[in-house]
Amino acid sequence: MYLKLRSLSLLYFSIGGEGLGVDLGFRFFRDDLCNYCGLCFERCPVLQLSLEAAKWDIKALVRGDTDSSLAFQRCTTCNTCDLICPVQANPYELILERWNEEHQLKGLPAIARFVFPTEPGNIWASIRVLMEEDELSLLHSWRENMNNPNKVMLLTGFYTNLMPYIAMTSLIGELKPAIAGFEGLWGCAGDTYKLGMIGASEEIGNMLRKKFSEMGIEKMYCFMGAEAMMLSDVLPNRFGIDFSFCNPEPLDYWILDKLNSGEIEVKRKLNMKVAVHDNCLSKYMGGRLQEVTRETMEHIGCEVVEMQHNRDLALCCGWGATIPTLHGSTSGNPLRTLLYLLDSLYRRLQEMEATGARVVVVSCHACYIFLSLIKVLTNSKVDIYLSQELVQMAAGEIPLHRNEKRAWDIVAAFTDVLFRWLFIPRERKRFSLKSIKMEPILQLSPADAKRIRFFGKIYHSVVIQNPAMRGLISITVKGLINLYRSSLARKKRKLISSRMK
Ligand code: SF4
Ligand code: SF4
């Protein structure tokens, strides 16, 4: 029945239906171009399939047989296969389309509420109850600034709002009064697009274009480079939503310009080895953000060392690994989400550790926070920095660098997600996102806030923050990841051998 519905929905799309506010026939996966060569999934750094298995997988995905497709079940949304495909058929978008069809039919599992600002128990409201006063007042001022816009704007990102402390720097000088943004801008549709929520992404894009043009913005810098890519590449090229009137660019470009012009003075060269983590969206716009990050590092005296997977082939930090766990027959189990997340984060961290660098530089705030999470859980010696923070150091400032504190806050918030899923049955119900609104985040109930404060207190207390317990946590997390990896490998072998029957 499910497959039948899926085929009907495919037919609907192929004749140009508009029920979801999208026309998938010509803008996304190009089945008219695909020749089933299999290169996309063979070279995918996550799936690691033989060419034969990869050909099988793409065919399964095209005919809608998602139970047989490893890409459907394990894609971490890194966007690499689109760059590999020799005929630009957009295989990554085919996965998004299949996820989209599943949402239409079944809704989303309860755990997905965590990343929707209008849903109860969302990550922003959860972290806010653990945030310092100085950060809370910044969030308030950024929201107020939406009503007093400048022609030049520095847009806060979805995940910037989880760590407002990064704006406490003199580095951004004249841009400081122009900082504005809040979670109701939906991260420029970055998360909904990765989730395969195609209609919602289009809705957000149109809402933002209207808002930014009403605000009279003529130049927009984005704290999160990834969001600049949504505004300058994904939304215009996939949905035809044009943001050229405000020429969005990552803040990283502005910082490099100021370094080159001498307006940001390098007071001391850092003389350190750094590994660069290229985020999924840095692969858009010809990969310019990747080059800007490297150039910035060299300018401040860092030696850049490369990871096994970098630039177009870079692995997702791991955050994207939560997405396939929201789909398919076992979707919605937070333990599965947690394990696949930890496995993917740790895989990236291991590549970082293998470079010998003690510092990893990132330009995406989601990567920053989630790589910091695996760092604290595994007691890694590698530290995670935003490129902006290293420039602050070179300019003579000491960045606040509260990333470890925030990582433990995330652990507390996720503990609450697990608690609710285990002990409150109504919290396991699937849901559908009713509408996209430009509204403040939905605050926590007093009971939820109390529980998260309680978990936060425990994780920040000496009970956890002592060498013996941190060591024990690290051994346990690595042990769980290894067990989970073996189980993933077994399931992959089983899936592939079942195709031969
Ligand atoms: S999407 Fe591109 S790379 Fe993948 S099978 Fe089709 S033609 Fe080959
Ligand atoms: S988007 Fe990345 S993880 Fe997903 S199938 Fe393509 S290459 Fe693999």
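Ala, Val, Leu, Ile, Met, Phe, Trp, Tyr, Cys and Pro count here as nonpolar, Asp, Glu, Lys and Arg as charged, and the others, Gly among them, as polar. By these classes, the shell around ligand 1 holds 10 nonpolar, 2 polar and no charged residues. Among the residues around ligand 1 (a heavy atom within 4 Å) are Cys 34, Cys 37, Cys 40 and Cys 85.

This is a predicted model, in which local features need pLDDT of at least 70, side-chain atom pairs count only at pLDDT 80 or more, and totals for chains, interfaces and linings use all residues. Residues are numbered from 1 along each chain as its sequence is written, and side-chain values use heavy atoms, with hydrogens and water left out.

An open sheet has 4 strands in the order 6-5-7-8, with parallel pairing; two strands pair if DSSP finds at least two bridges between them. Its edge strands are strand 6 and strand 8, each pairing on one side only. Strands (E, at least two residues) and helices (H or I, at least four) are DSSP runs, numbered from the N terminus. Strand 7 and strand 8 pair over 4 bridges, and Val 360 has Ile 384 in strand 8 as its bridge partner.

Two helices cross elsewhere, with axes fitted as lines to C-alpha atoms over the stretch in contact and angles running from 0 to 180 degrees between N-to-C directions.

| Helix | Residues |
|---|---|
| Helix 15 | 334-354 |
| Helix 20 | 467-499 |

Their axes come within 9 Å and cross at roughly 100 degrees. Helix 15 is therefore roughly perpendicular to helix 20 (65 to 115 degrees).

Definitions and conventions:
Chains lettered and ligands numbered in written order. Parallel < 35°, antiparallel > 145°, perpendicular 65-115°, else oblique.
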